[in-house]
Every structure is written in C-alpha cells, then in structure tokens.
Amino acid sequence: ELIRRFMALQGISEPQWLLGSGLQSAQLDRIDLAISMHQFDVVYRNIYRLIPQPCLGLRFGLALNLSRWGMLSSALLCAETLGHALSIAKDFRTVLRSRFSMENSVEGQYLKISLKPKQGMKYPVNEVFAHEVFIGTLITQITQLLGKPFRFHQIALPYSEPIGAKAYQQVVDSPTIFDASIGSVMIPL
C-alpha cells in the first residue's frame, strides 16, 4: 500500500510498476496475499527504471514507514527507548531482510552506526539505491518511534557523489560525506 501511494504521487500507473512481478492491481487489496522477496525486487527495479530522479532511493525510503515490518513494528513502537527499539531490530534483522549488518560504536557525543553490506545478498538495483532506501526508511522509522522529526548528525556513504547529490541535503537535512571507507550514520547520544 505504501508503494502504491508513492507511485500514485509520481503519476505512475500500477501495471507499469508491477510489470514482470506476476502481481496484478486487483491482488494488492488482498490482505492475505503473500508476496515473495523476488517480487519485491522486481518492483524495486521497476521503480528505479520508471522514476529517473536524483535521490530516488531516499525519497522512496522516506515514503515507507514502520508498518512495513508488520508485527515487528508493534514491538518497536512499544520499546521503552530508541536504543531498545534498535536492539529489537538488530535481533530480528533476518526477518527485515536488510542488505546491511549494523555495528554500533560511540564516538565522542555520537552513536555511529556502520552499515556493512552482507555477504551473499545482492542489491535488487544497485549499491546507491540500496543505501538510499535504507537511510530513508531509517529516518522515517526513527521519526515514528520518537514521535517527532528526526535527522542524522551525519551520513557517510561508500560511493562517489552521484549526479544530483546536492539534493541529499534538502531531502534528508543531514550533512553527507561521499567516498567514505564504509557507510555510516551518526546520531547524537
């Protein structure tokens, strides 16, 4: 439903973004419909193909929300602190199908979350889109957990500055460093 809303706002019809997924528009209303990870990957590739704009992954990630994790979202929303919620997410990261493993460290007055690509998991589109979607959804999820707007103190990305990277600052309102040795986000303690 979140993808449906995002694509409708972009003016893209359902048959276009469902192309090749084996899904039909009428099926999307069925609450009992099981959608495979392969079908999600096809949809992600269609989104990337149909909306050639800077920071697409960030914009797409920001349009998603905590409910995309189903029952796990209830556990996260009931967590006593953001740290507790992040530890729950870490314990259930296999269910979340994240392309990254996260390692936390404290650097001065900041929590640094390093994003390391998992071995054996391929990106449905590419590294840039995967990082952008992950960071966009993380911003939305933390905003929902806190109940107020959230931004990272800093974002570091392990790839060269993409075309349109100047829009990163506008979209995520966080200083962004490119060509970092490893991807990371920093949160004030």
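Here is a walk through the structure, stop by stop, with what to select at each one.

Before you click anything, note that this is a predicted model: local features need pLDDT of at least 70, side-chain atom pairs count only at pLDDT 80 or more, and totals for chains, interfaces and linings use all residues. Residues are numbered from 1 along each chain as its sequence is written, and side-chain values use heavy atoms, with hydrogens and water left out.

**Stop 1: the sheet**

Switch to cartoon and find the strands (DSSP runs of E, at least two residues, numbered from the N terminus; helices are runs of H or I, at least four residues). You should see an open sheet of 5 strands with mixed pairing, in the order 1-2-5-3-4. Strand 1 (100–107) and strand 4 are the edge strands, each with a single partner, so one side of each has no neighbour in the sheet. Pairing here takes at least two DSSP bridges between two strands.

Now select strand 5, residues 183–188. Is this strand mostly covered or mostly exposed? Covered: 5 of its 6 residues are buried, where buried means under 20% relative accessible area, exposed over 50%, and partly exposed in between (1.4 Å probe, protein chains only).

Add strand 2, residues 110–117. It runs antiparallel to strand 5, and 6 bridges join the two. To see the register, show L111, which stands opposite I187, and K112, which stands opposite M186.

Then add strand 3, residues 154–156. This one is also antiparallel to strand 5, with 3 bridges between them. Click Q154 and you will find M186 of strand 5 opposite.

**Stop 2: helix 8 against strand 5**

Keep strand 5 on screen and pick I135, in helix 8 (residues 127–146). With a relative accessible area of 1%, I135 is buried. Draw a distance from its C-alpha to that of V185: the two residues are 50 apart along the chain, and the atoms are separated by 8.3 Å.

**Stop 3: helix 6**

Go to helix 6, residues 82–91, and show A85, I88 and A89, which are buried. They cover an arc of only 100° around the axis, which puts them on the same side of helix 6; the arc is taken from the directions from the helix axis to the C-beta atoms. As background, an α-helix has 3.6 residues a turn, so residues three or four places apart point the same way.

**Stop 4: aromatic rings**

Show the rings of Phe, Tyr and Trp (its six-membered ring), which pair if their centres lie within 6.5 Å; planes under 30 degrees apart count as stacked, over 60 as edge-to-face and the rest as tilted. How many aromatic pairs does that rule give? The count is 8.

Zoom in on Y168 and F178: the ring centres are 5.2 Å apart and the planes meet at 80°, so this pair is edge-to-face. The pair links distant parts of the chain, with Y168 in helix 9 (residues 166–172) and F178 in the loop between strand 4 (176–177) and strand 5, 10 residues apart. Y168 is buried at 3% relative accessibility, and F178 is buried at 13%.

Next select F6, Y44, Y48, F60 and F129, which form one aromatic cluster.

**Stop 5: a nonpolar patch**

Turn on the surface and colour I35, M37 and F40. They form a nonpolar patch with about 230 Å² of accessible area together. Areas come from the Shrake-Rupley method with a 1.4 Å probe, and for residues only the protein chains shown count as cover. Patch members have over 30% relative accessible area and no salt bridge; like charges are joined within 9 Å, and nonpolar side chains (Val, Leu, Ile, Met, Phe, Trp, Tyr) within 5 Å. F40 is in helix 3 (residues 37–50) and is partly exposed, at 33%.

**Stop 6: salt bridges**

Last, look for salt bridges (a side-chain nitrogen of Lys or Arg within 4 Å of a carboxyl oxygen of Asp or Glu). There are 7 by this rule.

Start at E1, which is exposed at 54% relative accessible area. Its side chain meets that of R4 at 3.3 Å, N to O, and E1 also bridges to R5, with the closest N and O atoms 3.6 Å apart. R4 is buried, at 16%.

Then jump to D173 and R151, whose side chains meet at 3.9 Å, N to O. D173 lies in the loop between helix 9 and strand 4 and R151 in the loop between helix 8 and strand 3, so the pair ties together parts 22 residues apart in sequence. D173 is partly exposed at 41%, and R151 is partly exposed at 38%.

To finish, select E1, R4, R5, E14 and D29 together: salt bridges that share partners join them into one network.
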